[in-house]
Amino acid sequence: MIEATRIKMLRDEPPREGGRYVHYWMQQAMRAEGNPALDYAIETANALALPVLVSFGLTGGRGPNYPDANARHYAFLLQGLAEVGATLASRGIGFVIRYGAPPDVTLEFAEHAAVLVCDRGYLRPQRTWQASVRDRVGCRMVEVETDAVVPVETVSTKHEFAARTIRPKIMRLVEDYLVDHPQPKVKVRAGDLGTTSDVDLSDPLRTAREQKVDQSVGPVRRLQGGLANARSRLKRFLGSGFDGYAENRSEPHRATVSHMSPYLHFGQISPVEIALAARAAKSAGQDDRASYLEELVVRRELSQNHCWFEPRYDSYESIPDWAKKTLDEKRGDARPYAYTRDQLEAGETHDRYWNAAMQEMRDTGYMHNRLRMYWGKKIIEWTPSPEEAFATALAINNRYFVDGRDANSFTNVAWLFGLHDRPWFRRPVFGTVRYLGDNTLRKFDADAYVRSVEELSAAERA
Ligand SMILES: Cc1cc2nc3c(=O)[nH]c(=O)nc-3n(C[C@H](O)[C@H](O)[C@H](O)COP(=O)(O)OP(=O)(O)OC[C@H]3O[C@@H](n4cnc5c(N)ncnc54)[C@H](O)[C@@H]3O)c2cc1C
C-alpha cells in the first residue's frame, strides 16, 4: 500500500470515459522499480482494466534545454532511461520518449488517458511544468511523491532552520516510511498503444553527443547511469566500504562513501531502497548505519525542505540575514588571492590540493563531501564579492557534478554562506560565517588524495 501522504489529487475528475490507458508522466523518478508513482499508475490501471503508458519528455535535442544541462548530464540520464524502457517492456508497460518541452509531450499523450499520474520534483522547473500540465489537462491528475523517504510537507510545513530542527520531525516518522512495498503486476499488458518515440536509446552516449547542449563537459566513465549500476555500486559499498563509515566518511582518499548522489539526483534509485539496504547491512556497526541515514535522510531532506519553502533557493538572497550582514561588513577586506572563474575551473590556483579537487570534479564528475566544503569555502576567500562567489560556486558545481542541479546543490552552496549553520569566530572576508582553513587538509592524507585524483583522471583519459 502506497502511503496516503505521498498521494495528492491535482485534478479531481472521474476517470475519462473511453480513456485508452493510465498515463504516468515520468519526470523525477526515472526508474521502473521501487517507484510509488508507477505502482500507483499500475494499481489504478488494474482497477480500470486498462494498460499503463509511461511517457518522458526530453529537453535538449530539438526542444528547449533544461537549465545548465550538458552532455555529461544527458549521458547519465539517457543511460538510465534506456534501462527504464527495457524494464518497463519486460513488465508489460508501454514507454514512449519524445523530444520537446515536458508539459507539451505529456499533454499530447494525456489526451487519450483515463487518468494522468505524475511524480514530484522540488525545484522550480519541475514545479512550473507540473503547474502548466495541471492547468491544461482535461482528465484526473494525481501526484505521487517518489523522491524523499518522508515526503517534505509531511515532515514540516515550514522552512526549517537547521538539521537539529528537522531531525526530530523526520525521526518521529521515518520508521513508517521504511517499508519494502511489493511491486504490483499489470493485469492488462500494453500492446500497441499507437505511440512512437523519437529519442534513440540504443546508444545513450551517442545520443548524448547529438544533443544541442554544451558538449564541452562530456560523459564520464566513473559514473554510469541506471538502476542496475546504482544497485551494484550500493552492494559493493555495503559489502566492503560501509564498515567504519561514521569515521572514514570524512577521509576523501579512502573510497568509503556510497556514490549514490548521482543516482538519487536522477531518481534512478529509490532513497527508501537505499535506506532499507543500509539499515539491514550486517557489514557495519550501529554508528555507521546511523551516520549514513543521517546523511541520506536528514541532510538530504533538509535540502529538499529548503528548496521547497525558499523560492529564492538559487540566489544569494537565500542565505540567512545574519550571514548577509556579516559578509557585507567584510566586503572591503583584502582577499589573499583573487582568481577569475576561468582560472578556478582550470584549477590554476596556488593551492595544489584545491586544484586536485577541481580536477576530480572536472574530469570525473564527482568530489568527496569534505573537499566540496573546502573547495567552496576557498571560492569565497578568493573572489571579490560574496555575491560573485555564490554565483561562481553554484555555476561550477552545477556544470561539472553529475549530481549537480539538485536540491542538495543549491542548499549546500548556500551552506557555504551560513545557511543551516550558526555564527563562528570573526575572520577577515568571512565575518562570522564558518571558515575552513588549511587545517582541513591535515585531517586526512591530502597527498594520497592528490595521487588518487591523478589515477581517476588517467582512467577517464585512457
Ligand atoms: C559545497 C557543496 C556542494 C555540494 N553539491 C552537491 C550537489 O551538487 N549534489 C549533491 O547531491 N550533493 C551535493 N553536496 C552534498 C554532498 O557532498 C554529496 O551529496 C555527497 O558528497 C555525495 O556523495 P555520496 O553519495 O558518496 O555520499 P554518501 O556519504 O555516501 O552519502 C549518502 C547520501 O546522503 C546524502 N548526503 C550526503 N552528504 C550530504 C550533505 N552534505 N547534504 C545533503 N545530503 C547529503 C546524499 O544523497 C548522498 O548520496 C554538496 C556539498 C557541499 C559542501
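This is a short chat about reading a predicted model.

Biologist: What should I know before I start?

Modeller: The model is predicted, so local features need pLDDT of at least 70 and side-chain atom pairs count only at pLDDT 80 or more, while totals for chains, interfaces and linings use all residues. Residues are numbered from 1 along each chain as its sequence is written.

Biologist: How many residues surround the ligand, and which are the closest?

Modeller: A residue is near a molecule if its C-beta atom, placed from the backbone, lies within 6 Å of it. Here 27 residues surround the ligand, and the closest are Val257, Ser258, Asn408, Ser409 and Asn412.

Biologist: Where does the ligand lie?

Modeller: Domain bounds come from an automatic or database domain assignment. Domain 2 (227-309) and domain 3 (316-457) both give residues to the shell, so the ligand lies between them.

Biologist: What is unusual about phi at His259?

Modeller: Most residues other than glycine have a negative phi. His259 isn't a glycine, yet its phi is positive, about 55 degrees.

Biologist: Is His259 buried or exposed?

Modeller: A residue is buried if 20 or more other C-beta atoms lie within 10 Å of its own, exposed if 12 or fewer, and partly exposed in between, with C-beta atoms placed from the backbone. His259 has 20 such neighbours, so it's buried.

Biologist: And what about Val429?

Modeller: Val429 isn't a glycine either, and has a positive phi of about 65 degrees. With 20 C-beta neighbours inside 10 Å, Val429 counts as buried.
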